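Have the model open and ready to rotate? Let's take a stroll through it together, one topic at a time.

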Amino acid sequence: MSKQARAIFGDFQTPIELAREVVDLVLVGDASFTAVVEPTCGVGSFLLAIGQRLGTAASCFGFELNPRHVAACQDAIRNAGVAAQIQHQDFYEMDWRSFFAQLPARVLVIGNLPWVTNAALGALGGDNLPAKSNFQGHNGFAAKTGKANFDISEWMLIRLLESLRGRPATLAMLCKTATARKVLRHAWHNDFGVDCSSLHLIDAARHFGVSVDACLLLTHTGVPNGDQRATIYQDLSFAQPLQTMGMASGELVSDVTAYLELQDLDGVEYRRWRSGVKHDAARIMELEPVAGGYRNGLGETWSLEPDFVYPLLKSSDLANGRLAPRRYVLLTQSRVSDDTGAIKTLAPATWDYLHVHGAAFDARGSSIYANRARFAVFGVGPYTFSPWKVAVSALYQELRFQAIGSLDERPVVVDDTCYFFPCESRDEAEFFAHLLNSEVAQRFLRSLIFFDSKRAITIDTLRRIDLLKLAARLGQRVQAAAYLVDAPFEEGAQQLLLFEGHM
Ligand SMILES: C[S@@+](CC[C@H](N)C(=O)[O-])C[C@H]1O[C@@H](n2cnc3c(N)ncnc32)[C@H](O)[C@@H]1O
């Protein structure tokens with residue numbers, strides 16, 4: 001099979017030893033299964049492993065799209081003396097609900113679904129996807145999950161759990177941990193009636209040669225009002241629990257115990273968190289100060305007026321505590337609605353520079369620039385130019401909040417790999433950075449964050465931390481209130497605080 005075909009079909013066959021370990025774990029809890037289903041059985045590792053353990057006590061069924069795998073699986077099963085029915089079948093064409101309905105209880109659904117995202121399939125030219133009407137119009141899976149890019153195993157797992165709704169069964173599937181989490185969230189949120197769920201981490205690099213966070217997702221269906229929590233275990237056993245994720249206050253949190261202990265910190269966003277500036281033309285917009293002006297990413301040196309040039313810090317700078325800016329950024333607007341034409345008279349050299357490199361701006365693909373000024377930037381407002389900020393990197397595990405100020409009386413700005421809120425003074429920025437770096441704030445934030453996500457730290461997470469309650473916990477409420485009541489950059493915050501003061 002070519003590398004591309006393997007990618008399209010998410011074809012990573014499970015090594016037999018790993019399948020055996022999974023089967024051992026599943027059967028520890030319950031070995032009374034009378035029907036076993038492997039929905040995309042490949043060459044049959046799981047059917048072999050379970051068939052050899054259960055013998056004739058259970059009827060085994062395997063389904064698979066690739067005819068060569070079907071044949072290989074049939075051979076392997078026959079040679080091992082295992083009784084199983086293997087069928088050539090496209091997952092998407094199968095009526096899973098009717099199929100499960102006619103199986104004798106107790107049912108075990110076990111295996112490892114294709115590892116591929118619909119976006120990757122788009123790039124690879126594959127169409128191994130649910131019926132087009134169900135995803136391209138975003139009225140199927142994307143409508144359910146609110147997003148257009150998804151792992152097809154996520155879609156398949158949800159389909160399987162939906163089909164098992166109301167029926168007692170066990171589901172044990174290898175998948176990415178991010179997929180397991182999203183599937184459980186969906187099941188909990190939509191009252192699928194799952195219970196006793198757990199994630200057991202596996203080493204995907206060792207077993208599959210791919211570097212992703214992966215696990216065995218184990219859950220049980222047919223339990224109305226089942227427990228909306230799942231413990232994450234270090235390995236394929238119940239010996240070493242790491243933490244328990246679950247639904248709390250209507251949202252998925254990564255550590256329910258820590259969250260519940262600190263949930264009073266989940267409150268009002270007194271200072272509005274912001275994303276840094278976005279420009280999508282780094283080689284033109286980002287500049288290095290050199291003798292005679294600024295050098296851009298093309299290696300050209302230009303002498304530009306200082307009016308539109310600001311010191312810049314990026315994610316890696318914040319995460320590594322490199323707070324002396326080494327780069328600058330050209331910000332052509334102070335608000336997204338500004339007409340960049342004003343630069344022509346205010347800063348003719350800068351205008352010239354922008355025009356010479358106009359093609360780089362015209363080539364920016366993102367729809368956010370459509371119908372905007374040619375040299376527009378994104379994510380700017382009065383807050384961008386505040387003299388001080390509390391900022392954090394969105395891309396690093398390091399949750400280190402930094403107080404950043406101005407350089408040569410120019411406010412330091414951050415790019416869109418960072419989040420921040422504006423402050424008026426060094427004291428204020430250092431005060432809030434200190435609060436946010438406290439052990440209690442870090443524990444609270446970590447209880448919300450899933451660090452294996454692509455962009456683990458989100459603005460929605462930061463918004464949840466109540467600076468006033470945090471300060472109160474740390475014995476600094478009066479000082480925090482003094483800063484927050486005077487919030488100069490945000491409307492609404494002051495009223496909130498005053499309102500609370502009168503309660
Ligand atoms: C990650 S592999 C795992 C195979 C097997 N479950 C195992 O654990 O070894 C995914 C399997 O899904 C099969 N597959 C991909 N798309 C499918 C579809 N639409 N319907 C059925 N099987 C499919 C692939 O051919 C491949 O064998």
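## A walk through the model

Start with the open sheet: six strands line up in the order β14-β13-β12-β16-β15-β21, and their pairing is mixed. At the edges of this sheet you'll find β14 (301-302) and β21 (413-414), each of which pairs on one side only. Keep in mind that you're looking at a predicted model.

Now zoom in on one pair of neighbours. Strand β12 (residues 286-290) runs antiparallel to strand β13 (residues 293-295), and three bridges link them. Want a spot to click on? V290 has G293, in β13, as its bridge partner.

**The two domains**

Zoom back out to the whole chain. The domain assignment splits it into domain 1 (3-247) and domain 2 (274-501). Between the C-alpha centres of domain 1 and domain 2 there is a distance of 43 Å.

**Around the ligand**

Which residues come closest to the ligand? They are T14, T40, G42, F91 and N112, and the full set surrounding the ligand counts 25 residues. Sorted by character, this shell holds 10 nonpolar, 11 polar and four charged residues. Two elements to highlight here are α3 (45-54) and β4 (107-112), since each of them supplies at least two residues of the shell.

**Some backbone oddities**

Next, follow the backbone to a cis peptide bond, which joins A105 and R106 with an omega of about 0 degrees. R106 sits in the loop between α5 (96-101) and β4.

Then there are D191, with a positive phi although it is not a glycine, and N371, which is not a glycine either but also has a positive phi. Here they are side by side:

| Residue | Phi | Loop between | C-beta neighbours inside 10 Å |
|---|---|---|---|
| D191 | about 50 degrees | α9 (177-189) and β6 (195-203) | 12 |
| N371 | about 60 degrees | α16 (358-362) and β17 (388-393) | 7 |

Are these residues buried or exposed? A residue counts as exposed if 12 or fewer other C-beta atoms lie within 10 Å of its own. D191 has 12 such neighbours, so D191 counts as exposed. N371 has 7, so N371 counts as exposed too.

Notes: Residues are numbered from 1 along each chain as its sequence is written. This is a predicted model: local features need pLDDT of at least 70, side-chain atom pairs count only at pLDDT 80 or more; totals for chains, interfaces and linings use all residues. A residue is near a molecule or strand if its C-beta atom, placed from the backbone, lies within 6 Å of it. Helices (H or I, at least four residues) and strands (E, at least two) are DSSP runs, numbered from the N terminus. Ala, Val, Leu, Ile, Met, Phe, Trp, Tyr, Cys and Pro count as nonpolar, Asp, Glu, Lys and Arg as charged, and the others, Gly among them, as polar. Two strands pair if DSSP finds at least two bridges between them. A residue is buried if 20 or more other C-beta atoms lie within 10 Å of its own, exposed if 12 or fewer, and partly exposed in between; C-beta atoms are placed from the backbone. Domain bounds come from an automatic or database domain assignment.
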